[in-house]
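Colleague: Could you take me through the surroundings of the ligand in this model, residue by residue? I would also like to hear about whatever else in the chain helps me get oriented.

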Amino acid sequence: MTNILAVGNWKMNPVKKKDAENLAKDIKKVAQKYKKVTAVLCPPAPYADVVGGALGRVKNLALGAQDMSWQEKGSRTGHVSPLMLKDLGATYAIIGHSELRELGETDEVINKKIRTALLYGITPIVCIGERERDENGFYLGVIHKQIESALQGVLKKDFSSIIFAYEPIWAIGKSARDAMTPHDLYEMSLYIKKTIAGLSSKTIAMNMRVLYGGSVEGENAGALFEGGDVNGFLIGHASIVPSEFESVLENMTAALKRLEKKE
Ligand code: PEP
């Protein structure tokens, strides 16, 4: 398995530039010990510059954004242009996070952002996920619709440049015990790939990266990575505590070794 990611979504933390810089420096030290995993740090937009500077040029570290405008310039109060992100050296952007969908971001806007990101060579990390699970399996329809709409109008040759982050809303912001089980995650990963295959081909679907997000901590990272058939994680609260982030990286790396042995 290549291209394994641990994406840290710092959300609205920390609230001081100096703290953001120090957090980036601490995570840089930690991440350099686990070279098989690429750590993508997504700080609040005002700190992207200082965090990017602290990371420097290390192969398994990258800068990302928590959101991105679908327009490169113009009258868009509060938006962040892909050109600004590129200028700061950001190579990833989280798109369609459930916290933004909740504020009214539509599938249509998310699709525009994905296409813009691709145009500017920024890898979109597209969040999908159901609010709750129902016994009839209607939640699968929600995921299907989110994927279909995200890929609308995207050339098939570009599918592999998109990363889907499966983040069931019910599992976000809790603790490892409330996250998905590896078995359930495996089934979702399969479902996501089948859905993509239905819109393109099995080969394309197999080449796409799927991440999991929702209460990933050191405690559950190993089992989820080993059994979940994912290419890594989108991590919220554990990404702003260097020791917990290290524990995630350490457990992912150990799980990767076990998977490689099985191959
Ligand atoms: C998130 O909100 O993207 C997330 C994964 O958060 P947490 O890890 O805190 O559940």
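Modeller: Happy to; I will start with the ligand and then move outwards along the chain.

A word on the ground rules: this is a predicted model, in which local features need pLDDT of at least 70 and side-chain atom pairs count only at pLDDT 80 or more, while totals for chains, interfaces and linings use all residues. Residues are numbered from 1 along each chain as its sequence is written, and side-chain values use heavy atoms, with hydrogens and water left out.

The shell around the ligand has 14 residues, of which Lys 11, Gly 173, Ser 215, Gly 236 and His 237 come nearest; a residue is near if one of its heavy atoms lies within 4 Å of the molecule. By class, the shell is made of 3 nonpolar, 8 polar and 3 charged residues. For that split, Ala, Val, Leu, Ile, Met, Phe, Trp, Tyr, Cys and Pro count as nonpolar, Asp, Glu, Lys and Arg as charged, and the others, Gly among them, as polar.

Polar contacts here are pairs of N or O atoms within 3.5 Å; within protein, one must be able to donate a hydrogen and the other to accept it, and residues adjacent in sequence count only if both atoms are side-chain atoms. Lys 11 places a polar side-chain atom 2.5 Å from an oxygen atom of the ligand. In the side chain of His 237, an N or O atom is 2.5 Å from a ligand oxygen. Ser 215 uses its backbone instead, with an N or O atom 2.8 Å from an oxygen atom of the ligand. On its own the ligand has 300 Å² of accessible area, and the protein covers 99% of that; such areas come from the Shrake-Rupley method with a 1.4 Å probe, and for residues only the protein chains shown count as cover.

Let us stay with Ser 215. Its place is the loop between strand E7 (209-213) and helix H9 (218-227), where helices (H or I, at least four residues) and strands (E, at least two) are DSSP runs numbered from the N terminus. Phi of Ser 215 is near 60 degrees, a positive value in a residue other than glycine. Ser 215 is buried at a relative accessible area of 5%; buried means under 20%, exposed over 50%, and partly exposed in between, with a 1.4 Å probe and protein chains only. Not counting residues up to four places away in sequence, Ser 215 touches several residues, including Ala 171, Gly 173, Lys 174, Asn 220 and His 237, where contact means heavy atoms within 4.5 Å. The C-alpha atoms of Ser 215 and Ala 171 are 6.2 Å apart, although 44 residues separate them along the chain. A polar atom of the Ser 215 side chain also lies 2.8 Å from the backbone nitrogen of Lys 174.

Lys 11 sits in the loop between E1 and H1. Phi of Lys 11 is positive too, near 50 degrees, and this residue is partly exposed, with a relative accessible area of 25%. Pro 14 is found in the loop between strand E1 (4-9) and helix H1 (17-31). There, a cis peptide bond joins Asn 13 to Pro 14, with omega about -15 degrees.

Now to helix H2 (residues 48-55): 6 of its 8 residues are buried, so the helix is largely enclosed by the rest of the structure. Those buried residues are Ala 48, Val 50, Val 51, Gly 52, Ala 54 and Leu 55. They pack against H1, strand E2 (37-42), strand E3 (61-65) and helix H3 (82-88). Gly 56 follows H2 and has a positive phi, near 65 degrees. In strand E2 we find Thr 38, which is buried at 17% relative accessibility. Leaving aside neighbours within four places in sequence, Thr 38 is in contact with Ile 4, Leu 5, Ala 6, Asn 60 and Leu 61.

Finally, the cysteines. The structure holds 0 disulfides, a disulfide being a pair of cysteine sulfur atoms within 2.5 Å. For Cys 42, the nearest cysteine sulfur is that of Cys 127, 9.5 Å away, which is too far for a bond. Cys 42 is buried, with a relative accessible area of 0%, and Cys 127 counts as buried at 3%.
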